[in-house]
Amino acid sequence: MRTIVNRWFSSRWGKPAWFILSCLPFLWLVAAAFTDHLGANPAEALVRSTGDWTLRALCLVLAITPLRTVLGLAALARLRRMAGLFVYFYVVLHLMAYAWFDMGFEVADIARDIAKRPFILVGFSAFVLLSPLAFTSFNRAIKALGGKRWQTLHRLVYAVAGLALLHFFWMRAGKNNFAEVAVYALLLGLLLGWRAQRRWGGSWRSYFGAAATGGLGR
(Lines give C-alpha, C1' and ligand atoms only; values in the text may rest on other atoms or scores of the structure.)
Protein backbone atom coordinates (compact mmCIF):
# COMPACT_ATOMS: atom_id res chain seq x y z
CA MET A 1 0.00 0.00 0.00
CA ARG A 2 2.80 2.40 0.90
CA THR A 3 4.48 1.71 -2.43
CA ILE A 4 1.25 2.36 -4.34
CA VAL A 5 0.63 5.67 -2.55
CA ASN A 6 4.21 6.83 -3.09
CA ARG A 7 4.10 5.82 -6.74
CA TRP A 8 0.82 7.65 -7.29
CA PHE A 9 1.89 10.91 -5.67
CA SER A 10 5.29 10.74 -7.38
CA SER A 11 3.66 10.37 -10.79
CA ARG A 12 2.78 13.24 -13.10
CA TRP A 13 -0.84 12.92 -11.96
CA GLY A 14 -0.07 13.42 -8.27
CA LYS A 15 0.04 17.21 -8.17
CA PRO A 16 -2.92 17.78 -10.55
CA ALA A 17 -5.02 15.36 -8.49
CA TRP A 18 -4.06 17.15 -5.27
CA PHE A 19 -4.88 20.51 -6.88
CA ILE A 20 -8.34 19.32 -7.95
CA LEU A 21 -9.09 17.84 -4.53
CA SER A 22 -8.00 21.07 -2.84
CA CYS A 23 -10.29 23.10 -5.10
CA LEU A 24 -13.38 20.99 -4.41
CA PRO A 25 -14.50 22.89 -1.25
CA PHE A 26 -14.24 26.20 -3.14
CA LEU A 27 -16.15 24.82 -6.13
CA TRP A 28 -18.83 23.42 -3.82
CA LEU A 29 -19.26 26.81 -2.12
CA VAL A 30 -19.53 28.58 -5.49
CA ALA A 31 -22.10 26.06 -6.71
CA ALA A 32 -24.04 26.30 -3.43
CA ALA A 33 -24.06 30.10 -3.66
CA PHE A 34 -25.41 30.09 -7.22
CA THR A 35 -28.03 27.43 -6.49
CA ASP A 36 -29.18 28.97 -3.20
CA HIS A 37 -28.05 26.04 -1.03
CA LEU A 38 -26.24 28.00 1.68
CA GLY A 39 -29.16 28.15 4.07
CA ALA A 40 -31.10 31.05 5.55
CA ASN A 41 -28.00 33.23 5.96
CA PRO A 42 -25.74 32.70 2.91
CA ALA A 43 -23.27 35.42 3.93
CA GLU A 44 -22.64 33.86 7.35
CA ALA A 45 -22.40 30.41 5.76
CA LEU A 46 -19.69 31.61 3.37
CA VAL A 47 -17.69 33.34 6.11
CA ARG A 48 -17.83 30.31 8.40
CA SER A 49 -17.27 27.71 5.68
CA THR A 50 -14.16 29.43 4.33
CA GLY A 51 -12.85 29.71 7.89
CA ASP A 52 -13.53 26.02 8.54
CA TRP A 53 -11.73 25.00 5.35
CA THR A 54 -8.78 27.21 6.23
CA LEU A 55 -8.38 25.39 9.54
CA ARG A 56 -8.79 21.99 7.87
CA ALA A 57 -6.20 22.85 5.22
CA LEU A 58 -3.81 24.01 7.95
CA CYS A 59 -4.22 20.71 9.82
CA LEU A 60 -3.58 18.86 6.57
CA VAL A 61 -0.34 20.78 5.96
CA LEU A 62 0.87 20.05 9.47
CA ALA A 63 -0.01 16.37 9.02
CA ILE A 64 2.15 15.91 5.92
CA THR A 65 5.51 15.63 7.72
CA PRO A 66 4.28 13.15 10.38
CA LEU A 67 2.59 11.01 7.73
CA ARG A 68 5.69 11.12 5.56
CA THR A 69 7.96 10.18 8.45
CA VAL A 70 5.85 7.69 10.40
CA LEU A 71 4.20 5.91 7.47
CA GLY A 72 7.08 6.24 5.01
CA LEU A 73 5.02 8.25 2.50
CA ALA A 74 7.99 10.19 1.15
CA ALA A 75 6.10 11.36 -1.96
CA LEU A 76 3.88 13.59 0.18
CA ALA A 77 6.79 16.03 0.46
CA ARG A 78 6.12 17.02 -3.17
CA LEU A 79 2.66 18.26 -2.20
CA ARG A 80 3.52 20.26 0.91
CA ARG A 81 4.14 23.57 -0.86
CA MET A 82 0.89 23.39 -2.82
CA ALA A 83 -0.99 22.40 0.34
CA GLY A 84 0.46 25.42 2.14
CA LEU A 85 -0.61 27.76 -0.63
CA PHE A 86 -4.14 26.39 -0.44
CA VAL A 87 -4.20 27.31 3.26
CA TYR A 88 -3.48 30.88 2.18
CA PHE A 89 -6.05 30.67 -0.61
CA TYR A 90 -8.80 29.74 1.82
CA VAL A 91 -7.76 32.28 4.46
CA VAL A 92 -7.87 35.02 1.80
CA LEU A 93 -11.37 33.84 0.83
CA HIS A 94 -12.33 33.91 4.52
CA LEU A 95 -11.01 37.45 4.95
CA MET A 96 -12.66 38.63 1.73
CA ALA A 97 -16.01 37.09 2.73
CA TYR A 98 -15.83 38.89 6.10
CA ALA A 99 -14.76 42.20 4.53
CA TRP A 100 -17.47 42.00 1.86
CA PHE A 101 -20.53 40.47 3.54
CA ASP A 102 -20.01 41.69 7.11
CA MET A 103 -18.34 45.05 6.51
CA GLY A 104 -19.20 46.04 2.93
CA PHE A 105 -15.50 46.66 2.15
CA GLU A 106 -15.52 49.74 4.39
CA VAL A 107 -11.83 49.92 5.35
CA ALA A 108 -12.32 52.25 8.32
CA ASP A 109 -15.06 50.03 9.74
CA ILE A 110 -12.92 46.93 9.23
CA ALA A 111 -9.99 48.55 11.06
CA ARG A 112 -12.25 49.52 13.98
CA ASP A 113 -13.77 46.05 14.10
CA ILE A 114 -10.35 44.39 14.19
CA ALA A 115 -9.25 46.64 17.06
CA LYS A 116 -12.53 46.23 18.97
CA ARG A 117 -13.17 42.46 18.76
CA PRO A 118 -10.36 40.21 20.09
CA PHE A 119 -11.33 37.13 18.08
CA ILE A 120 -11.12 39.10 14.83
CA LEU A 121 -7.80 40.63 15.91
CA VAL A 122 -6.43 37.13 16.56
CA GLY A 123 -7.69 35.86 13.21
CA PHE A 124 -6.25 38.84 11.37
CA SER A 125 -2.92 38.34 13.16
CA ALA A 126 -2.86 34.75 11.90
CA PHE A 127 -3.44 36.03 8.36
CA VAL A 128 -0.60 38.57 8.71
CA LEU A 129 1.82 35.89 9.94
CA LEU A 130 0.75 33.51 7.19
CA SER A 131 1.31 36.05 4.42
CA PRO A 132 5.15 36.00 4.37
CA LEU A 133 5.04 32.19 4.36
CA ALA A 134 2.89 32.21 1.22
CA PHE A 135 5.02 34.89 -0.45
CA THR A 136 8.24 32.93 0.18
CA SER A 137 6.96 29.51 -0.89
CA PHE A 138 9.01 29.61 -4.08
CA ASN A 139 12.48 28.40 -5.00
CA ARG A 140 13.75 31.91 -5.69
CA ALA A 141 12.70 33.06 -2.21
CA ILE A 142 14.36 30.04 -0.60
CA LYS A 143 17.59 30.82 -2.47
CA ALA A 144 17.43 34.52 -1.55
CA LEU A 145 16.79 33.89 2.15
CA GLY A 146 19.04 30.89 2.56
CA GLY A 147 17.83 27.53 3.77
CA LYS A 148 18.25 28.13 7.50
CA ARG A 149 16.55 31.54 7.56
CA TRP A 150 13.78 30.22 5.32
CA GLN A 151 13.13 27.33 7.70
CA THR A 152 13.13 29.69 10.70
CA LEU A 153 10.62 31.96 8.98
CA HIS A 154 8.33 29.06 8.09
CA ARG A 155 8.19 27.91 11.70
CA LEU A 156 5.74 30.79 12.11
CA VAL A 157 3.16 28.25 10.94
CA TYR A 158 3.08 26.92 14.52
CA ALA A 159 2.10 30.36 15.82
CA VAL A 160 -0.47 30.60 13.03
CA ALA A 161 -1.95 27.27 14.15
CA GLY A 162 -2.29 28.51 17.73
CA LEU A 163 -3.87 31.80 16.68
CA ALA A 164 -6.25 30.05 14.27
CA LEU A 165 -7.40 27.70 17.02
CA LEU A 166 -7.91 30.61 19.44
CA HIS A 167 -9.87 32.50 16.77
CA PHE A 168 -12.08 29.44 16.26
CA PHE A 169 -12.52 28.98 20.02
CA TRP A 170 -13.62 32.58 20.60
CA MET A 171 -15.98 32.44 17.64
CA ARG A 172 -17.68 29.28 18.97
CA ALA A 173 -17.70 30.60 22.56
CA GLY A 174 -20.51 32.98 21.63
CA LYS A 175 -22.79 29.99 21.00
CA ASN A 176 -21.26 27.80 23.71
CA ASN A 177 -20.37 25.18 21.09
CA PHE A 178 -16.96 23.67 21.77
CA ALA A 179 -17.25 20.16 20.28
CA GLU A 180 -15.45 21.02 17.02
CA VAL A 181 -12.95 23.19 18.89
CA ALA A 182 -11.98 20.17 21.01
CA VAL A 183 -11.46 18.03 17.90
CA TYR A 184 -9.18 20.59 16.25
CA ALA A 185 -7.35 21.22 19.54
CA LEU A 186 -6.67 17.50 19.92
CA LEU A 187 -5.54 17.14 16.32
CA LEU A 188 -3.25 20.18 16.42
CA GLY A 189 -1.95 19.11 19.83
CA LEU A 190 -0.95 15.72 18.41
CA LEU A 191 0.65 17.22 15.31
CA LEU A 192 2.63 19.83 17.24
CA GLY A 193 3.38 17.37 20.04
CA TRP A 194 4.90 14.97 17.52
CA ARG A 195 7.23 17.72 16.36
CA ALA A 196 8.18 18.72 19.88
CA GLN A 197 8.89 15.13 20.84
CA ARG A 198 10.94 14.58 17.71
CA ARG A 199 12.96 17.75 18.27
CA TRP A 200 13.57 17.53 22.01
CA GLY A 201 12.59 14.03 23.08
CA GLY A 202 12.70 10.44 21.95
CA SER A 203 10.91 8.68 19.14
CA TRP A 204 7.21 8.94 18.32
CA ARG A 205 6.72 5.41 19.64
CA SER A 206 8.27 6.37 22.97
CA TYR A 207 5.94 9.40 23.05
CA PHE A 208 2.89 7.13 22.88
CA GLY A 209 4.50 4.68 25.28
CA ALA A 210 5.05 7.45 27.83
CA ALA A 211 1.50 8.68 27.34
CA ALA A 212 0.13 5.18 27.94
CA THR A 213 2.09 4.76 31.18
CA GLY A 214 1.56 8.30 32.43
CA GLY A 215 5.21 9.19 31.91
CA LEU A 216 4.71 12.45 30.02
CA GLY A 217 4.18 14.41 33.20
CA ARG A 218 7.68 13.72 34.41
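Which side chain of opposite charge is nearest to the buried Asp 52, and how many Å away is it? Here are some notes on this predicted model, beginning with that residue.

1. **Asp 52.** The nearest side chain of opposite charge is that of Arg 172, 4.2 Å away. A salt bridge needs a side-chain nitrogen within 4 Å of a carboxyl oxygen, so a pair at a greater distance does not count. Asp 52 is thus a buried residue with no salt bridge. Asp 52 sits in helix 3, which covers residues 42-70. Leaving aside residues up to four places away in sequence, Asp 52 touches Phe 168, Arg 172 and Tyr 184.

2. **The largest nonpolar core.** This core holds 38 residues, and those touching the most other members are Trp 18, Leu 58, Leu 62, Leu 130 and Leu 188. Two or more residues come from each of helix 2 (14-34), helix 3, helix 4 (80-102), helix 6 (118-135), helix 9 (156-173) and helix 10 (179-200). Helix 3, where Asp 52 is found, gives the largest share, with eight residues. Another core, of six residues, lies apart from this one; Ala 99, Met 103, Ile 110 and Ile 114 are among its members.

3. **Helix 6 and Leu 130.** You may like to look along helix 6 next. Its buried residues are Ile 120, Val 122, Gly 123, Ala 126, Phe 127, Leu 130, Ser 131, Leu 133 and Ala 134. They pack against helix 4, helix 5 (107-116), helix 8 (147-154) and helix 9. For Leu 130, the contacts beyond four places in sequence are Val 87, Tyr 88, Val 91 and Val 160. As for length, 18 residues at 1.5 Å a residue should span 26 Å, and the end C-alpha atoms of helix 6 are 26 Å apart, so the two agree.

4. **The cysteines.** If you are wondering about disulfides, a search of the whole structure finds zero. Why is Cys 23 not bonded to Cys 59? The sulfur of Cys 59 is the closest cysteine sulfur to that of Cys 23, but at 19 Å it is too far for a bond. Seen from the other side, Cys 59 is in no disulfide either, and its nearest cysteine sulfur is that of Cys 23. Both residues are buried: Cys 23 has a relative accessible area of 15%, and Cys 59 one of 5%.

Terms used. Residues are numbered from 1 along each chain as its sequence is written. This is a predicted model: local features need pLDDT of at least 70, side-chain atom pairs count only at pLDDT 80 or more; totals for chains, interfaces and linings use all residues. Side-chain values use heavy atoms; hydrogens and water are left out. Helices (H or I, at least four residues) and strands (E, at least two) are DSSP runs, numbered from the N terminus. Buried means under 20% relative accessible area, exposed over 50%, partly exposed in between (1.4 Å probe, protein chains only). Lys and Arg count as positive and Asp and Glu as negative; His and the chain ends are not counted. Contact means heavy atoms within 4.5 Å. A nonpolar core is a set of buried Ala, Val, Leu, Ile, Met, Phe, Trp, Tyr and Cys residues joined through side-chain atoms within 4.5 Å. A disulfide is a pair of cysteine sulfur atoms within 2.5 Å. The expected span of a helix is 1.5 Å times one less than its number of residues.
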